[in-house]
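Subject: Structure handover

Hi,

Here is the structure you asked about. Please open it alongside this note.

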Amino acid sequence: MKNSSEKKGRKITILGAGNVGATIAYTLTLKGVCSELVLVDINKPKAMGEAMDIRQGISFCPSVNVYSGDYEDTKDSDIVIITVGIARKPNQTRIDLAKTNVNIMKSVLPEITKYCPDAVYVIVSNPVDILTYTVHKYGGIPKNRIIGSGTMLDSARLRSIVADRLGVSADSIHAYVFGEHGDTSFAPWSLTTIAGMSMFDYYRSINRQVNPEMLKQIEVDVRNAGAQVIAAKGATFYAIALSVKRICECILRDSKTVMTVSSMTDGIYGTEDVCLSLPYIVGADGIISRIKVNLTPDEDEALRNSSKALKAIIDELDI
Ligand SMILES: NC(=O)c1ccc[n+]([C@@H]2O[C@H](COP(=O)([O-])OP(=O)(O)OC[C@H]3O[C@@H](n4cnc5c(N)ncnc54)[C@H](O)[C@@H]3O)[C@@H](O)[C@H]2O)c1
């Protein structure tokens with residue numbers, strides 16, 4: 001069933017029906033996050049096939065009207081999720097992708113913003129911080145309504161690794177990855193808490209020591225997690241789909257949840273004119289506010305490094 005001219009309920013558009021876009025569509029449908037879901041892809045048969053495949057199982061899910069279409073069909077979406085682009089290949093850095101994906105982003109932006117001027121835009125395509133910045137520069141959308149998925153996925157990966165090491169469920173651990181979704185990301189360990197205690201106190205409470213080498217290794221493991229999955233199966237899509245589902249739920253429920261997503265830094269903490277991930281409160285209007293956290297001098301330096309690295313790419317690409 002295609003859309004009726006009048007929108008009722010909550011509508012989400014996904015641009016790009018590849019691995020990531022299709023898995024996000026499936027995840028949103030399983031959870032009944034919206035009532036209408038539109039898939040748009042330059043490869044129309046692919047978008048149509050993905051929508052049909054999901055629709056054929058819809059009797060086992062909450063009611064969601066899933067279909068593929070053209071830009072006109074996206075009209076008045078509440079959320080637009082952007083996954084178009086070329087996926088990272090094994091041994092290819094996110095930065096190698098930047099030029100191509102920036103150009104793709106620039107070409108789709110005027111098409112989609114024409115029909116969805118009031119949507120919250122969730123950018124997933126990589127390099128996500130650079131493409132979030134591109135949407136800021138070329139989208140003509142208020143900055144609170146532009147959210148890069150950023151280090152949301154990296155933070156989830158961090159929580160899962162710490163959970164495995166401590167034997168505590170990941171949902172009982174508050175831990176974040178800040179900065180670039182990429183090589184210069186870092187974990188601000190001073191903000192990691194378990195049961196209301198700093199991670200360092202928690203370790204003491206169970207008569208264990210925090211080993212600085214272990215912390216470094218965890219950061220490396222988080223940074224390499226995506227590449228490892230790509231090397232093993234060619235792409236990553238389940239964990240990112242779950243992260244994006246969470247962002248959409250927070251927007252549609254106006255939950256005001258703290259998330260590490262990518263947004264314009266406006267020079268905070270001495271950063272440059274870049275988009276990178278810090279903790280934000282996310283709700284119906286997108287990014288509601290930024291949380292000012294206290295960083296240690298080392299963490300502060302790591303954030304500035306990440307910002308500088310992103311700025312260098314932006315300058316090179318002349319965005
Ligand atoms: N932010 C994250 O944490 C994260 C995680 C995983 C993947 N990604 C990124 O998500 C993006 C998509 O990955 P994927 O595995 O789904 O790739 P994919 O190649 O499977 O899908 C990309 C889709 O975009 C479509 N497309 C390309 N140009 C288009 C255009 N101009 N208009 C409409 N559609 C267009 C293609 O036809 C394709 O179906 C990549 O950039 C990837 O690096 C990000």
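Below is what was found in it, part by part.

Please keep in mind that this is a predicted model. Residue numbers start from 1 along each chain.

Overall build

The protein has nine helices and 12 strands. Its C-alpha atoms fill a box of roughly 60 × 45 × 35 Å along the principal axes. The radius of gyration is 19 Å. A compact globule of 319 residues would have a value near 20 Å, so the two agree.

The ligand site

Start with the ligand. It is surrounded by 23 residues. The closest are N19, V20, D41, V124 and N126. By class, this shell holds 10 nonpolar, 11 polar and two charged residues.

Which helices should you look at here? Both α1 (19-31) and α3 (94-115) supply at least two residues of the shell. α3 gives the most, with three residues.

Three polar contacts are worth bringing up on screen:

- G85: a backbone N or O atom lies 3.4 Å from an oxygen atom of the ligand.
- I86: a polar backbone atom is 3.5 Å from an oxygen atom of the ligand.
- S149: an N or O atom in the side chain is 3.3 Å from a nitrogen atom of the ligand.

How much of the ligand does the protein bury? Taken alone, the ligand exposes 860 Å². The protein buries 86% of that.

The second largest pocket

Next, look at the second largest pocket. Its volume is about 590 Å³. It is lined by 21 residues. Those closest to the pocket centre are M152, S155, A156, R159 and R246.

Three elements give two or more residues each to this lining: α5 (152-166), α8 (238-252) and β10 (257-264). Of these, α5 gives the most, with seven residues. By class, the lining has 10 nonpolar, six polar and five charged residues.

Two backbone details

Most peptide bonds are trans, and most residues other than glycine have a negative phi. Two spots here depart from that pattern.

The bond between N126 and P127 is cis, with omega at about -5°. P127 is in the loop between β5 (120-123) and α4 (128-138). N126 also appears above, among the residues closest to the ligand.

D76 has a positive phi of about 60°, although it is not a glycine. D76 is in the loop between β3 (65-68) and β4 (79-82).

Where to begin? I would open the ligand shell, then the pocket lining, then the two loops.

Best wishes

How values were computed. This is a predicted model: local features need pLDDT of at least 70, side-chain atom pairs count only at pLDDT 80 or more; totals for chains, interfaces and linings use all residues. Side-chain values use heavy atoms; hydrogens and water are left out. On a 1 Å grid over the protein atoms alone, a cavity is a set of points where a 1.4 Å probe fits but cannot get out, and a pocket is an open set with protein on both sides within 12 Å along at least five of seven lines; lining residues have an atom within 4 Å of a point. Grid points are joined across faces, edges and corners, and a volume is the space filled by probe spheres set on the points. Helices (H or I, at least four residues) and strands (E, at least two) are DSSP runs, numbered from the N terminus. Ala, Val, Leu, Ile, Met, Phe, Trp, Tyr, Cys and Pro count as nonpolar, Asp, Glu, Lys and Arg as charged, and the others, Gly among them, as polar. A residue is near a molecule or strand if one of its heavy atoms lies within 4 Å of it. A polar contact is a pair of N or O atoms within 3.5 Å; within protein, one must be able to donate a hydrogen and the other to accept it, and residues adjacent in sequence count only if both atoms are side-chain atoms. Accessible areas come from the Shrake-Rupley method with a 1.4 Å probe; for residues, only the protein chains shown count as cover. The radius of gyration is taken over C-alpha atoms; the globule rule is 2.2 Å times the number of residues to the power 0.38.
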